[in-house]
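Colleague: Hello! I am new to this one, so could you walk me through it?

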Number of protein chains: 6
Amino acid sequence: MRVRAEEADELIRRALEEDGAFYDLTSTLFIPEDWKARGAVVSKSRACLAGLSVAARVFWHLDPEVEVAFLRRDGDLAGPGERVLEVRGRARALLAGERVALNFLQRMSGVATLTRRFVEILETLPRPPVLLDTRKTTPGWRGLERYAVRVGGGANHRWSLSGGILLKDNHLFLLRRHGVSLAEAVRRARGLLPPGLRIQVEVKTLAEVEEALAAGAEALLLDNMSPEMLREAVRLVGGRVPTEASGGVRLENLREVAETGVDYISAGVLTHGAPAVDMSLELES
Amino acid sequence: MRVRAEEADELIRRALEEDGAFYDLTSTLFIPEDWKARGAVVSKSRACLAGLSVAARVFWHLDPEVEVAFLRRDGDLAGPGERVLEVRGRARALLAGERVALNFLQRMSGVATLTRRFVEILETLPRPPVLLDTRKTTPGWRGLERYAVRVGGGANHRWSLSGGILLKDNHLFLLRRHGVSLAEAVRRARGLLPPGLRIQVEVKTLAEVEEALAAGAEALLLDNMSPEMLREAVRLVGGRVPTEASGGVRLENLREVAETGVDYISAGVLTHGAPAVDMSLELES
Amino acid sequence: MRVRAEEADELIRRALEEDGAFYDLTSTLFIPEDWKARGAVVSKSRACLAGLSVAARVFWHLDPEVEVAFLRRDGDLAGPGERVLEVRGRARALLAGERVALNFLQRMSGVATLTRRFVEILETLPRPPVLLDTRKTTPGWRGLERYAVRVGGGANHRWSLSGGILLKDNHLFLLRRHGVSLAEAVRRARGLLPPGLRIQVEVKTLAEVEEALAAGAEALLLDNMSPEMLREAVRLVGGRVPTEASGGVRLENLREVAETGVDYISAGVLTHGAPAVDMSLELES
Amino acid sequence: MRVRAEEADELIRRALEEDGAFYDLTSTLFIPEDWKARGAVVSKSRACLAGLSVAARVFWHLDPEVEVAFLRRDGDLAGPGERVLEVRGRARALLAGERVALNFLQRMSGVATLTRRFVEILETLPRPPVLLDTRKTTPGWRGLERYAVRVGGGANHRWSLSGGILLKDNHLFLLRRHGVSLAEAVRRARGLLPPGLRIQVEVKTLAEVEEALAAGAEALLLDNMSPEMLREAVRLVGGRVPTEASGGVRLENLREVAETGVDYISAGVLTHGAPAVDMSLELES
Amino acid sequence: MRVRAEEADELIRRALEEDGAFYDLTSTLFIPEDWKARGAVVSKSRACLAGLSVAARVFWHLDPEVEVAFLRRDGDLAGPGERVLEVRGRARALLAGERVALNFLQRMSGVATLTRRFVEILETLPRPPVLLDTRKTTPGWRGLERYAVRVGGGANHRWSLSGGILLKDNHLFLLRRHGVSLAEAVRRARGLLPPGLRIQVEVKTLAEVEEALAAGAEALLLDNMSPEMLREAVRLVGGRVPTEASGGVRLENLREVAETGVDYISAGVLTHGAPAVDMSLELES
Amino acid sequence: MRVRAEEADELIRRALEEDGAFYDLTSTLFIPEDWKARGAVVSKSRACLAGLSVAARVFWHLDPEVEVAFLRRDGDLAGPGERVLEVRGRARALLAGERVALNFLQRMSGVATLTRRFVEILETLPRPPVLLDTRKTTPGWRGLERYAVRVGGGANHRWSLSGGILLKDNHLFLLRRHGVSLAEAVRRARGLLPPGLRIQVEVKTLAEVEEALAAGAEALLLDNMSPEMLREAVRLVGGRVPTEASGGVRLENLREVAETGVDYISAGVLTHGAPAVDMSLELES
């Protein structure tokens with residue numbers, strides 16, 4: 001469950017560049033090159049940690065000799081005031097990398113922390129549905145945010161548009177407008193798809209559930225349905241294909257949605273609505 | 001007040017790649033290449049818009065012939081349900097770019113909307129301080145988020161570590177630990193700086209305010225002070241150097257901080273705590 | 001069914017650079033900058049064309065004013081000696097881009113031509129299986145080679161390792177060595193997968209077919225089986241999950257494999273064993 | 001005779017990206033992160049090996065701690081079933097890199113193997129001509145393919161358009177059409193060239209041989225001539241300038257061409273017509 | 001006072017590529033891969049050294065095992081014939097990197113050497129002004145050239161257009177043409193700037209000095225003034241804001257300008273007019 | 001005789017980035033986005049122009065709608081005070097691009113101007129040698145500097161280490177140390193080289209001239225010889241192979257070297273010792 005270094009490194013480099021960290025005027029002028037320092041990243045509130053190794057890599061980009069001690073691991077819960085990462089090395093590198101390292105850690109931990117809260121609710125159910133993220137990720141950050149979702153205990157939805165088939169309302173609108181039946185479209189597509197992909201169809205009403213099943217849909221996305229309608233839809237499907245509830249799922253209504261019997265729940269808020277967790281770097285010597 | 005295309009384009013390309021938009025399986029299989037479509041981006045709630053041209057560029061990356069009509073401009077307020085952007089072109093390009101375009105627009109508008117709310121409060125004061133953002137931006141997104149801050153009516157803090165001097169607590173800690181007086185440090189640095197930069201020093205107490213002024217500080221960052229202490233600090237400074245209040249500024253306490261007489265207020269929440277504004281793309285023909 | 005310009009452009013730039021085309025000594029010294037020329041790309045043998053627009057882009061990289069007339073389209077069959085593309089513009093650009101343009105076109109058309117021959121055989125069957133390519137593509141060329149497969153009438157297998165699940169012999173070896181039953185592994189993975197993906201399992205014997213089905217495999221890859229064993233495996237599966245034949249499929253044995261009743265046939269030779277089709281650029285004025 | 005790591009690394013990264021190897025769903029879900037494995041790359045048929053270090057680098061990109069033992073070196077002949085490379089490390093890295101590593105090794109070894117067969121024929125002659133490759137290389141792969149040619153015992157033609165002068169039929173056509181004599185063109189170019197480059201001219205007939213020599217050609221490319229004509233051309237040249245035979249040279253006619261007395265033979269088929277050599281990775285523990 | 005490796009590495013890679021160093025024909029053909037060598041970089045004349053670590057990195061790009069001994073450090077003065085850097089490793093790597101390594105070292109040392117000569121003159125004054133470089137740097141080389149200026153004892157002007165405010169003649173021309181008073185412009189801008197930046201204004205006459213001060217200028221650039229006028233301007237300003245002399249400052253007139261009492265002197269010639277210092281690599285075994 | 005846009009664009013982008021031109025604080029704050037302006041690039045002294053189109057591209061990078069009028073062409077001589085390029089467009093783009101555009105133009109024109117002066121001297125001779133540049137170019141700038149050399153009337157030496165063979169003193173030292181005779185080394189290399197390349201050997205004494213000729217050298221580089229020795233060397237060679245004088249050639253001694261009868265003269269000073277030509281951008285409306 002590693003973060004892909006490749007991706008993190010590119011973003012780290014870009015972030016350090018946009019922050020001018022390779023030529024930090026203040027440190028260059030006030031902190032002699034040979035001063036050493038030691039500091040700790042401290043979590044200001046309860047957090048499910050994610051991105052510790054990304055934060056460490058930020059410092060390594062500025063000075064490969066910075067030593068990092070991981071006091072906690074990704075996925076651990078940290079309490080307020082807890083030291084989670086210790087760094088030692090050239091003071092200039094610590095100072096120049098501080099903000100960028102925290103910016104990564106705060107945001108990734110924010111996503112993991114929110115996901116964890118979702119999972120804690122689902123785990124109280126006898127047969128919990130799988131919790132999925134969505135494609136509503138920060139552009140450039142998909143890998144990091146989805147990693148944080150996994151760290152928090154969730155699962156990832158299709159990785160990208162080339163990683164699965166999902167017929168959404170806009171696709172269905174166009175098929176209708178051009179007089180192509182869903183059944184016909186599904187049949188033709190099946191002949192151009194590898195065996196490992198299921199054709200999933202978005203539906204908004206019970207009538208659409210029946211229509212999609214009849215057309216050969218191999219999985220359903222139940223969009224923006226009320227808990228009642230979800231329960232009825234699950235009954236209609238009767239286990240023939242997997243069902244996923246989506247749309248407006250939040251901490252407040254999660255349990256209610258989960259109890260409808262759907263197999264999957266996806267929530268965009270995990271990545272686009274997770275507040276950053278506050279962290280700071282405190283020099284100690 | 002344009003977004004730097006350079007930066008947006010790189011992120012757009014990366015975002016489209018990570019979303020697999022250059023090979024959207026669903027569209028490729030279900031939507032023939034020559035189908036055309038028209039759709040509108042609709043704001044789901046009240047929003048100060050930012051990033052409309054970025055959203056447009058997303059579609060142009062997929063098909064340079066997509067036509068875009070800007071129904072609103074960056075900085076405009078859109079009401080719930082309002083159509084803000086119209087796109088026409090190959091249906092495949094609209095479908096493949098939809099999610100990425102919205103991901104940009106939702107986040108940038110989120111920052112602008114929150115900034116606007118801050119500014120609306122400040123504008124009720126007789127002599128409002130300047131509202132500044134911070135360096136707590138999403139790695140890779142600084143240009144876009146700071147643009148959104150300007151669109152919302154705020155000003156940008158130093159652009160990067162190479163764009164200004166700010167002696168923070170960690171710098172001061174190290175100077176102290178090595179027995180270097182602030183006055184001596186400021187004097188030496190002054191001889192290595194161009195005339196256009198002021199040496200700003202972070203202070204947490206009134207004693208530190210006096211010490212910094214005595215040492216030659218050319219601007220002060222008043223960190224995490226209560227409104228009372230801020231008011232006293234402003235009195236002590238007596239207009240000799242500019243003052244900036246920072247730390248924990250939120251919508252709730254903004255007015256109180258502003259009324260202390262500081263010249264500048266900076267708030268990290270503008271970029272790291274702004275919730276995305278909900279938008280959708282609705283095909284209309 | 002477009003080629004992704006993004007990807008082609010990167011390769012084109014790289015190819016022009018490695019060929020020194022941006023500073024072609026011979027043209028620079030012998031051909032004055034203002035000489036114009038017209039030429040045609042001619043196919044030397046029967047070919048299913050693929051990559052015409054890539055070849056055109058090569059010239060545009062050297063001179064955006066080169067005019068290109070597409071005499072044929074991707075997917076067309078060209079006979080020996082047939083002119084398929086006409087280019088006019090600065091002679092230097094035509095000369096400097098000639099080799100690179102042909103290198104792209106020859107290889108892509110090679111893949112399309114071989115695929116077409118496969119498809120022509122399959123189309124004689126009453127119920128032809130779907131023809132798939134594999135991941136045995138030239139590094140850096142996956143997009144172009146798979147596009148050529150589609151142009152030739154084939155379908156693409158899972159786009160990448162992040163685009164589907166396939167448990168191969170090496171995975172199964174490891175599970176066995178660690179005492180993890182396939183059934184248990186499938187069960188756990190199912191809870192971490194989105195609904196749109198099927199778990200496909202590679203099997204080499206009829207015993208493995210039964211074991212995989214019992215363990216919950218949602219699709220089978222029948223690896224290196226003889227036609228007889230394939231026929232028996234198809235019978236065993238009885239339509240419960242999709243079946244794919246793979247391993248050593250060539251023009252010579254394609255029909256025999258196809259007649260076993262499998263749903264899919266994948267053939268690595270489509271991309272790694274397709275000989276280039278000979279093409280040349282002939283200046284005509 | 002190293003491969004340029006720079007070039008290989010860029011292609012490796014691109015190949016791993018296009019194969020989704022940085023997020024291999026199957027391994028992530030089925031193979032725990034701490035499982036280790038050992039495997040060997042096995043050649044399925046007789047091969048002149050090329051690219052072993054490239055294959056090794058593929059695994060290092062995924063996990064720098066993978067240990068590789070080179071059982072054979074580039075240039076060695078491997079028999080069918082022979083183990084040529086041993087890898088140990090995290091099972092996930094071996095599984096995710098397997099296909100890409102083999103894709104490199106199979107293709108490079110394919111080129112080396114074919115080149116070796118050419119060289120074995122030439123070495124039976126008393127005074128063998130130099131065997132050269134051409135610029136008909138896979139875009140993006142020139143460095144790797146030409147390295148494989150050297151490994152197989154061949155020599156490389158001019159590295160790129162900026163690495164030598166060759167007046168081909170299209171250049172000569174344009175000179176003629178603009179009324180510029182070859183002699184005049186050669187004279188002017190000579191004054192703009194460094195001393196280390198010879199002006200080589202392509203000729204198709206004996207009359208053109210004489211014309212080129214009279215015009216000051218410093219080397220000749222004898223294009224698509226029959227063995228008889230080649231023999232006569234060599235006689236005409238009489239050792240005054242080097243001669244190179246080109247066009248349609250294959251294993252079948254190589255000896256015949258070589259016996260005509262030309263100094264060089266170039267063959268495009270070495271790089272664009274070499275079938276991949278079949279290799280596999282077999283986990284052993 | 002390190003060079004930013006990031007930037008140097010990108011330029012090094014580019015320089016090695018443009019020099020074809022990754023495939024050095026001569027070394028490949030004449031120097032077997034396993035030959036080792038030792039050599040020294042020798043300065044041909046008196047030089048203030050800058051860029052030793054960049055030169056070392058050039059060799060490391062070609063072979064990470066090259067051993068480098070730094071006989072001198074950046075900022076040291078080397079006499080003619082002095083050995084400043086020793087390298088040992090594969091002979092091919094030393095030969096292929098020689099030219100590029102020297103190209104970096106010669107140019108950076110050229111800038112440092114000229115800067116040092118300026119500083120030596122200034123240091124004879126009782127109260128020397130700060131010596132600044134300008135933005136007249138070689139495109140792509142700003143970081144390296146400005147580092148060399150610091151090594152030679154100078155200071156860097158604003159890092160870039162986003163790192164400071166300077167109203168130059170062209171800005172003032174436009175404000176005038178649109179009827180915007182300088183005072184009004186300064187007032188508005190002040191409300192959009194962070195506290196750490198001073199508004200500097202370029203002036204060419206004594207009248208403009210007074211106008212700028214009245215308008216609120218926070219620093220002055222005294223452009224192309226004679227020593228007499230500079231002296232008068234300094235008197236007029238009376239220490240209210242910092243003053244900088246610029247325009248046509250050379251070794252010959254430096255002392256005269258410095259004696260006028262200005263706080264800063266900037267000189268473009270430091271980066272755009274510094275002759276390269278001659279260096280060579282001599283193999284010794 | 002175009003500059004390769006590709007290369008210029010990459011450097012331009014990098015230069016604009018390092019100059020912060022995509023976020024020019026001064027222009028953003030003082031110059032409204034809709035102000036237009038017109039200006040001219042003026043040469044401050046006599047110059048052979050090179051790089052006008054590069055300067056123009058700088059502005060296009062900032063605003064594709066800037067209109068440029070080329071009042072002069074590359075290769076023209078401009079007198080002091082002469083307007084050479086006119087630009088119109090958004091004032092912000094002109095201001096933000098000014099410095100970078102001039103930085104390119106000044107340096108490229110510097111190289112062309114010095115080359116032109118060399119050529120003017122050579123052209124007074126009855127049988128002038130070819131003037132060549134060297135590989136002593138600014139890293140990252142080879143294409144631009146060598147283009148400027150051609151514009152000034154010179155020719156380019158081998159393009160890179162992969163574009164020709166030159167055995168220099170360090171190669172010869174190593175061969176000697178390993179007991180490999182030059183004759184043997186040349187013989188073996190010849191069998192691995194394409195016909196279009198000549199083996200050039202560096203010699204420092206008349207004895208070495210004879211040794212190199214005997215060993216089969218196909219061209220000679222006469223290094224650092226006095227005019228007398230050069231004359232004698234030319235006599236010894238007697239036209240058998242081309243001769244090139246190199247080392248310490250400057251304007252002052254150029255004629256003397258040229259009169260020795262060598263075929264080529266190469267001078268590093270053309271690219272590493274050419275002072276920038278002063279240019280400025282003057283807004284006119």
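Modeller: Gladly, and one term comes up at once: a salt bridge is a side-chain nitrogen of Lys or Arg within 4 Å of a carboxyl oxygen of Asp or Glu. This is a predicted model, where local features need pLDDT (the predictor's confidence in each residue, from 0 to 100) of at least 70, side-chain atom pairs count only at pLDDT 80 or more, and totals for chains, interfaces and linings use all residues. Residues are numbered from 1 along each chain as its sequence is written, chains are lettered from A and ligands numbered from 1 in the order in which they are written, and side-chain values use heavy atoms, leaving out hydrogens and water.

Colleague: How many salt bridges are there between chain A and chain B?

Modeller: One of them joins the side chains of R142(B) and D19(A), at 2.6 Å from N to O. Between the two chains, the count is 6 salt bridges.

Colleague: How many residues does each chain bring to the contact?

Modeller: Contact here means heavy atoms within 4.5 Å. By that rule, chain B gives 69 residues and chain A gives 68 residues.

Colleague: What relation do the two chains have?

Modeller: Copies are superposed by least squares on the C-alpha atoms of residues with pLDDT of at least 70 in both. Chain A falls on chain B after a rotation of 180° with 0.0 Å of shift along its axis (RMSD 0.0 Å). That is why the relation is that of a two-fold axis.

Colleague: Which scores does the predictor give the complex?

Modeller: For chain A, the mean pLDDT is 94, with 98% of its residues at 70 or more. The complex gets a pTM of 0.91 and an ipTM of 0.94.
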